[in-house]
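Please find below some notes on a sheet, the helices beside it and one loop residue. They are meant to be read slowly, with the structure open alongside.

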Amino acid sequence: MSGFHTPDDGLDRFRFRLGFAAAVVLAAFTLLIGRFIWLQIVQHDFYRTRAEDNRIALIPIVPNRGVITDRNGVVLARNYSAFTLEITPSQLGQTLEETIDALAEIIDIQPKDRKRFKRLLDEAKNFESIPIRTRLSDSEVARFAAQRYRFPGVEVKARLFRQYPLGNVASHALGYIGRITERDLKWIDENEQAANYKGTDHVGKTGLEQHYEFELHGLTGYEQVEIDAGGRALRSLKRIPPVSGNNLQLTLDAKLQEITEKAFGDRKGSLVAIEPETGGVLALVSNPTFDPNLFVDGITPDNWKELNEHPDKPMINRAINGAYPPGSTFKPFMALAALELGKRTPNQAIADPGYFNFGNHQFRDDKKGGHGMVDMYKSVVHSCDTYYYILANDMGIEAISNFMGQIGFGSKTGIDLGKDDSGESRGILPSPAWKKQRFKKPEQQKWYSGETISIGIGQGYNAYTPMQLAQATATLANNGVMFRPHLVRHIVDTRNGEKRAVEPKPIRDLGWKQKNLEVIHRAMAGVNTEGTGARAFAGAQYVAGGKTGTAQVFSLKGAQYKEGAIKKELRDHALYIAYAPIDKPKIALAVLVENGGFGAQSAAPIARMVLDYYLLGKLPQGAANEDAAAVEADE
Amino acid sequence: MIDLVGTLRRGWLNATAHIDFPLLFIVLGIMGIGIATVNSATIDTSHRMLAQTGNMCIALVVMWLVSRVPPQKLMRFAVPLYVLGVLLLIAVFLFGIKVNGSRRWLSIGITRIQPSEIMKIAMPLMLAWYFQKYEATLKFRHYLVAAGLLLVPFALVAKQPDLGTALLIGSAGFYVIFFAGLPWKVILGLVAAGVSAAPFLWTMLHDYQKKRILTLLDPTTDPLGSGYHIIQATIAIGSGGVFGKGYLSGTQTHLEFIPEKHTDFIFAVYSEEWGLLGNVVLVTLYTLLIGRGLMIASAASTLFARLLAGAITLGFFTYAFINMGMVSGILPVVGVPLPFMSYGGTALVTLFLAIGILMSINTHRMLVKK
């Protein structure tokens, strides 16, 4: 190549090289066009989707939670809008501590707010906004608005809060809501509701709020917004409005509930009142109670500690979780069983010496010297133990267990509270089969005939929830047509106002004979006119069937039971079942007063108050009296 | 009256005597697209369209002035400009201002200058002058000297580090050497050496440079970092489809997904809004521009003019190809603007200076022949 060439040689070579360069240019541009064809034709759909995904964000719009009202339309749970101050930790300009300290200069932030925030922070994802203060006042909102440029990642949001206007009233029935936890999420997921809970941060934790969670929640709406690369919403493209959750109209009567709770005063216990013809629960009391409003924006550790560690255990729903021996309230059912199974006629009488000897054990009656000749009527009215010792022995444990099992004793009622039926206790319906399962050692597994005898008076292994007792009483009042107890009368669809009844049909008809039922009804009416309930029901303007009961908390071995001589926690539980009016009962109930002593003494007056109000509209004066001196003590 | 018309006519002829209208129309066509695209890219933020129009006017004046300078006079600038450029680059190396980890600028009182821009023109000018000088006695050692002249500024710019500009300066110089007749054996040998030295060169790259190259191979490995540009630009182009989303309707652009959208990534904006058809039009315009440039080079009357015209023309190609290749994801991301499209006054002036040189080469040849 070196050496001499003419200029023409050089020009030719140069032009060849220009041609080569032109070819390279054309090849390179063809390659580019090929790349464009690949991206813009072949892969176009893929990239179009990617661009749309880039562009559009779906912002969930949380629906209004359904409202809960009582049978008369009194609001028990509703929503109200309030401003909350929220922090999104991932978007902060400074550290969390610094931000909160700076915020505290313009808005009142208490140590408890900080504590709650920390707790929520642990549970939350980093990009979620977490409330540091709820229910800001208007002036606080204004103060923050003026300084908000200082606080990236902090904003004021309007949020809906659950509110229980009646406070403590019916809290065990209503339950409460709280922030969604991992466990709640799993539950939501299992119900295939995860997508519908986007943006929702509260969920029903107990009671009706939990049982009807998916009815109350509603359908989450969406707003399609165009966002820029920084995730800021620029404009709304489409809005799919949320659908409010369905409203619940309860069978509960809020006024009755309130009166009943007051009647308990500071006594522990439970009352369940049921409409016999429908199974609808009119009142569900578990005393002491709590204020569900405390839980709405996250309960403070102090409040939680107080509720959870209080010796009276206010968080326990005694109506469905407490299992107690029914005591003498079991007797009417025993009597009915005897008639139905042909083991007794109403007029068959026994001579009661005040005890029943079985083997080498003596089962004693409450009344020293006995009741004399006792037929079925008298056995109920005066609550004669000996009659039932003998009856139980004659019937045998299998027959008792079968009969009682049919009325719902020893099985969950399926009331619409809590998640599934996990919150409800089964109680104990004693039977040889139960005992075999209950105990491990073979000698414990054996059923002894002597054990059957105390079953007859509602003692021994017997243990039922007030709910079961109320259901059985309602079934008896309804002549054997049995309903599942339920608190919600119907679910009201907020879209079209349609009402859906929750429990329109009875679950079974036990087929009891009318003449047998009449014997029992007459006897139970007698309890309130001439028997153990007569004092409590003196002057009643209606005829009520009833039965008192006393459940031993512990057995005094041979010693005479003397109230006042023993600690309060060891005193007997007082029970009472009732229904009225006797010929066409509108209400049936079971009352339990823990450590209340004789049933007639503290439980029956509560029942009287409830019936007076429900049937006559009569308002009671103060709490039901513990009218010890006036009570007939021979139940 | 007749006199006036005649005067105007003569004045117009004189003023346009050195304008190459085919070249001007092609460039104005690309620039028209560029202005519209800058407008779209900046309509939500600041309207840079007017500023760019101003830049264009200055650049056109520069072009007009340069086109009137005969190539023989241009040759006189070759050595001083090259020496000045190298001195300034050394000054940058010693006292330059560091921005984002790169030392690229010299502060001169009120403003700062980027000497590597001067080198884009000075490099081919210098080498064309050198080969012209030894045209009759060209020996192999002259190629070696030329390579030396090329490597000094290349190394200084690469060291800044500004790999994009270094490549542009290096390629401009290489084109001159190539057109001057560098033997094919040597070219093939260089390619072979380059390939075999690649692993060694790899270790010499800065981490960010390595990362850019790795990201090119798989942008998803760093979707929020250096891969983000490529991913979002590719989405913009791909979602444009055949006909595009329409002017001012590119969602990727207007929702800020495309970074540097009015400068290095302006092609993504254009491609999203005008689609494949728009791309074909643009590439065609660049092809015509390069074709016209190569024609001018082919017809040039001196070796200096030929080499300079050829190198300048291939320079346009290098800019356009690297930019579109990088935005569409077939080349690594290096900071190279799209000629006549990207926003920026300095780049535009440099480009029109080059266009002016091409026009000068073309028109002065014709005048000589006449």
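1. In this predicted model, five strands of chain A form an open sheet in the order β12-β11-β23-β22-β21, and their pairing is antiparallel. As general background, strands of a sheet pair through backbone hydrogen bonds, either in a parallel or in an antiparallel way.

2. The edges of the sheet are held by β12 (281-287) and β21 (545-551) of chain A, and because each has a single partner strand, one side of each is left without a neighbour in the sheet. Ignoring direction, neighbouring strands of this sheet are turned against each other by 5° on average.

3. The edge strand β21(A) is joined to β22 (residues 573-580) of chain A by seven bridges, with the two strands running antiparallel. Within this pairing, Ala551(A) stands opposite His573(A), which belongs to β22(A).

4. Helix α10 (residues 254-264) of chain A packs on the sheet, where it touches β11 (269-274), β12 and β23 of chain A, and its direction makes about 30° with that of β12(A). Helix α21 (residues 514-529) of chain A, in turn, lies across β21 and β22 of chain A and runs at about 70° to β21(A).

5. Please look also at Asn595(A), which is found in the loop between β23 (587-593) and α22 (599-616) of chain A. Is this residue, Asn595(A), buried or exposed? Its relative accessibility is 7%, and since buried means under 20%, Asn595(A) counts as buried. A polar atom of the Asn595(A) side chain lies 3.0 Å from the backbone oxygen of Arg571(A).

Key:
Residues are numbered from 1 along each chain as its sequence is written. Chains are lettered from A and ligands numbered from 1 in the order in which they are written. This is a predicted model: local features need pLDDT of at least 70, side-chain atom pairs count only at pLDDT 80 or more; totals for chains, interfaces and linings use all residues. Side-chain values use heavy atoms; hydrogens and water are left out. Helices (H or I, at least four residues) and strands (E, at least two) are DSSP runs, numbered from the N terminus. Buried means under 20% relative accessible area, exposed over 50%, partly exposed in between (1.4 Å probe, protein chains only). A polar contact is a pair of N or O atoms within 3.5 Å; within protein, one must be able to donate a hydrogen and the other to accept it, and residues adjacent in sequence count only if both atoms are side-chain atoms. Two strands pair if DSSP finds at least two bridges between them. Axes are lines fitted to C-alpha atoms, for helices over the stretch in contact, and angles run from 0 to 180 degrees between N-to-C directions. Contact means heavy atoms within 4.5 Å.
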